[in-house]
Amino acid sequence: MTAAVAVFLVISLDFVFLEVLPGDPTRLLAPRGGYIGPGGGPNLRLQVVSQWGLDRPLLDRYMFFLGNILSGNWGISTSFRPGASVWDLIQPALAPTIGFAGIALFLTALAGTLLGRFAGRRRQRISDSAATSVSLLAISIPAIGLALGLLLVLAFHFPILPIRGDTSLNYPTLDPLGQLWDRIYHGILPVATVVATSFGLFALFARDFESARSPVARPPRSQSRLRSWLDASPPVLGGIGLFAGWVLGIELLAETQFGIRGLGTLLLTSLNYLDFFVMSGVFLLTAFGLIAIVTVADVLVAALSRSGEVQEFVAARPGRVPVLDQFRRLAEGLLRPMGRAGLSLVVFFAGFSSVASLWVGPYTSTVGAGTRFQPPSAQHFLGTDGLGRDVWALLAYAGQTPLLAALYSFLLAVGLGVLVAVALGYVGDWVGAVVDEATFVFLFLSWIPFVVLFALGALRDSIQSVTVLGVVLIAWPIPVRFIRSDIVQRYPEATRRTRTRSAGWGRLTDLGHFLLNVAPTILGSALFAACFAVLMESTLAFFGLSGQPVPSWGSMIYESIVSPAVIQGFWWTFVPPVVFVAGASFGFALLGFALKETPSPVPVSATVGPSPDPLRSTGQDVRA
């Protein structure tokens, strides 16, 4: 049922993207008069209007759109390959994406789950802190920076691996075994990029799952190997359902950096041509693929649960803790080593960029053109770039856009987190079920295709503001599901039965104490939305979706690549923006994790007897 609703919502969202195109949409969908070739030919504009009913009322246009998508008519290319069917363009790109994304997702889930279970069984030890720190750092590394760094070291300076492409030139002449090895050889760097920047999410998820299991619930060493694998599968499958959209987004990004002819490269090329229907096809296909992956993972989690066992909960009513004690809890989380480190990083980057004019001087005078590619010196702390601009001053101004996206994403995640917490942990009943399903649907969207289509609206407004808004709208689902997981674990009875509540002022007081109890969880998870927002905005700025003349950290990375700076060894044009993106993201991740780990004054509801599904009994399921 949820999958069917998700398909309907995804198609409706794609229709909204079409409707918000500025001006006459047919002139954008079929530019240059809408003709194929210099000698004329079929009028694409009239063909588009006829197929999609663009000259009809809104409701008729929607029915045309819905019928075309469901019948497999996803449109024709109007500028990239004028007249070609979208399916004809997608089919050759589908196999590389499925192959590389499938392998990367499997390896990411395996590596992250193993590390997370190792950390969860050694909670509060040095090994746990080390594994968690590595996971948080991995999440914070920008994939664009890691991909370009791997190319520079392992393909350029030390030509061990290929620079670009998914196959060699002599691929058709190789035998089947040689063709298999050739694809593996070309896939090492892109798969390594996806795994290295995504396994941390699975590690944190598996750590929480393992920590929530009591020693009695853990499988004995004497049980069969098959039973051990089945017991270990729920966090793997749950993580796949929760993070598949993020991993797919990173894989699409890796395709563009390593020259893989997949959906990511097709999406970027169609963006350069402003070919809406090709971009729409990639968006729909990735969304439908994620719906299938998450649905299958959900079914497998339920199927692998132990059957014949009854689940009961000892309800733990929200306790009333003095307000001062609540603030002491928050201070305790912030004063932990991870909290102090994260807060220091966040304060530094936020302060450095927010008061850039006071810190480094006015933009036009400080960043003004000088001598190109000057090395770091007393006059230019981090040297100058290819346009002669001071890199240090540029970093200060370039951080304003990603940090603005982080702030808005944090605020939206806090608001939605409060809604989810109250609906699931305080109200319960059908209200909790509706809110739960509504937030779950957003896991079906891959963030790169979503924001790229959303940014087409920038043609009528500032591209910078529209890109930031797109990032804000897609950065919250995973953190809000983290909040959902913790709430269901701590207040499971609210989702299963209606409690007797106070009336009037007493009810408001109960709600206030409840929100204070869950505040560290909401704030900590929302900070992960800020972490994701910095990474997303920098990636999109790298693709050219950034404001001018003030660049973003991502556009600084792009400018260092298209110029000869990196090849000639001018490291100060490439390394600092990558470090700033990673540092800001790492600060938000550290601070968020420290707040999430703040001890709760409310006892976690305990299970009586064995649980049929360890993930669902603690809220750590696919919908976690």
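Here is a short conversation about a few residues in this predicted model.

User: How do you know that Ser 585 is buried or exposed?

Analyst: Ser 585 has 0% relative accessibility, so it counts as buried. Buried means under 20% relative accessible area, exposed means over 50%, and partly exposed lies in between (1.4 Å probe, protein chains only). Ser 585 sits in helix α24 (residues 575-596); helices are DSSP runs of H or I with at least four residues, numbered from the N terminus.

User: What is Ser 585 in contact with, leaving aside neighbours within four places in sequence?

Analyst: Its partners are Ser 140, Cys 531, Val 534 and Leu 535, where contact means heavy atoms within 4.5 Å.

User: Why is Ile 103 called partly exposed?

Analyst: Ile 103, in helix α5 (residues 86-120), has 47% relative accessibility, so it counts as partly exposed.

User: And Phe 373, is that buried or exposed?

Analyst: Phe 373 is buried because its relative accessible area is 11%. You will find Phe 373 in the loop between α15 (363-366) and α16 (391-398).

User: What makes the phi of Phe 373 worth a look?

Analyst: Phe 373 has a positive phi of about 55° although it is not a glycine. Most residues other than glycine have a negative phi. Leu 274 also has a positive phi, near 55°, and lies in the loop between α10 (263-272) and α11 (276-303).

User: How were residues numbered and chosen?

Analyst: Residues are numbered from 1 along each chain as its sequence is written. Local features need pLDDT of at least 70, side-chain atom pairs count only at pLDDT 80 or more, and totals for chains, interfaces and linings use all residues, while side-chain values use heavy atoms, leaving out hydrogens and water.

Definitions and conventions: Helices (H or I, at least four residues) and strands (E, at least two) are DSSP runs, numbered from the N terminus.
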